[in-house]
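Me: I'd like to learn how to read empty space inside a protein, and then how to read a sheet. Can you walk me through it?

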Amino acid sequence: MTAPGVDDAVRAREPVTERRLHPVTPLRRAWAPVAVLIGWAVHDPDQAQRQLTRLTTTTLLIALAVLVPAASLYGFLSWWFTHFAVTDSELRVRTGLLFRRTAHIRLERIQAVDVTQPLLARVAGVAKLKLDVIGTAKKDELAFLGEREARALRAELLARAAGFAPETAHEVGEAPAREILRTPPLHLALSLVLTGATWGALGAALVVPPLLWLATHSVWTVLATALPLLGAAGASSVGRFVSEYDWTVGESPDGLRIDHGLLDRTHETVPPGRVQTVRIVEPLLWRRLGWVRVELDVAGSSNSVLVPVAPREVAESVVARVLPGVTVPASAALSRPPRRAGRCLPLWWRGYGLAVTDGVFAARHGLLRRRLALVPHAKVQSVRLVQGPWKRLWRLADVHVDTGANKTVTARMRDAREAAELLRAQAERSRTGRRDAPPDRWMAP
């Protein structure tokens, strides 16, 4: 019988091949000292302007002659002292010029492995490898790797996380993907035009600055308000189009793969079995076309969009692959709150609905922009019944379902007796669902 810790000690003595990032990486990291100076100038522009006016041409040339080599040296040294290695159980990343830091990322705690390529990285033929890890709010990343090396490392990490032996993980390669959805650019552009948020942000950007000018006659006040509003309008329209351009969803053994982006190309993975909530969003102006948007909550991951826009039938077929065996309840199958709910929330109570099937807890809210949230019973962490004094007067209550992604789905304005029964039944369904749920694995070895 092996004593505890002996296996770890043996593995620690085994030779581990350390690798470096792509040689183009120093060019990226050389900008760090320059970014510090720019940050100081933005933080205190008056002081920065005074300092610049005091500098002569000779002083500026000397400063550049010192700054450029120093930045280049910093970029080279930071690259030279950065290594990574893949062991049987973890990904090790060793960094640090003066203060050494070694990150140990356990393979079984990896939620997703994404490959992203900013525009300049695509030109240079390199890519970032981003990892979503359980218990961390920020993604770990390796930037930059060669494009082929990034894809090969991604496949190796997924294979080892799935349980393949180290000597065979290199041979597994990237699992093949079958395309199941591609969003046409025309549909994406039209969906943004028919989105209320786009027109709301644009209207605010056009109306608020002139009103401020009439009230204050201050250019700086108008600019300080107009620039963020224009940025928000651009992000909700052009920014979304650029980000979601050529959105493609493919099915593979390691999950659903999502590729998108016009300038910065992103390759994401929705890990199987780790989706906590699926939301089907239906804006008012999309309903006549039968279009919907599908969003996700994945524990420990920032991936939040599955389908930017698609016909409802196509979107539901993609949802069926994320939640196997689950059928999206039709609108007619959702039960509304009792009519007395209108005394607590006039008109808007009609947008609420509830359906509980064998697979999911489904709650809808929103009258103009409908959102139908689907929570698999196995992903429910807790169930709560909330009833304020006004709702208690009208015998109404809300049932809150908490998921593993720190999100809550609520069935609002339910009859008090129905809510009490739903609380008891949902707790039992959750226990049964967790007991019968298959293990979360990337792929079958």
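Reply: Sure, let's start with the empty space. This is a predicted model. Rolling a probe the size of a water molecule over the atoms shows where empty space is left. Here, the largest cavity is lined by Ile-280, Glu-282, Arg-312, Ser-331, Leu-334, Arg-364, Arg-370, Arg-371 and Leu-372.

Me: How many cavities of 30 Å³ or more are there?

Reply: One. About 80 Å³ of space lies inside the largest cavity.

Me: Which classes of residue make up the lining of the largest cavity?

Reply: You'll find five charged residues there, along with three nonpolar and one polar.

Me: And which strands supply at least two residues of that lining?

Reply: Look at β11 (275-282) and β16 (370-376). Strand β16 gives the largest share, three residues.

Me: Okay, now the sheet. What should I look for?

Reply: Strands of a sheet pair through backbone hydrogen bonds, either parallel or antiparallel. In this model, three strands make an open sheet in the order β17-β18-β19, with antiparallel pairing. The edge strands, β17 (380-386) and β19 (408-415), each pair on one side only. On average, neighbouring strands of this sheet are turned by 15 degrees against each other, ignoring direction.

Me: How many bridges join β18 to β19?

Reply: Six, with β18 covering residues 396-403. For a spot to check, find Leu-396: it stands opposite Asp-415 in β19.

Me: What packs on the sheet?

Reply: Helix α14 (residues 416-436) does, touching β17, β18 and β19. The direction of α14 makes about 170 degrees with that of β17.

Definitions and conventions: Residues are numbered from 1 along each chain as its sequence is written. This is a predicted model: local features need pLDDT of at least 70, side-chain atom pairs count only at pLDDT 80 or more; totals for chains, interfaces and linings use all residues. Side-chain values use heavy atoms; hydrogens and water are left out. Two strands pair if DSSP finds at least two bridges between them. Helices (H or I, at least four residues) and strands (E, at least two) are DSSP runs, numbered from the N terminus. Axes are lines fitted to C-alpha atoms, for helices over the stretch in contact, and angles run from 0 to 180 degrees between N-to-C directions. Contact means heavy atoms within 4.5 Å. On a 1 Å grid over the protein atoms alone, a cavity is a set of points where a 1.4 Å probe fits but cannot get out, and a pocket is an open set with protein on both sides within 12 Å along at least five of seven lines; lining residues have an atom within 4 Å of a point. Grid points are joined across faces, edges and corners, and a volume is the space filled by probe spheres set on the points. Ala, Val, Leu, Ile, Met, Phe, Trp, Tyr, Cys and Pro count as nonpolar, Asp, Glu, Lys and Arg as charged, and the others, Gly among them, as polar.
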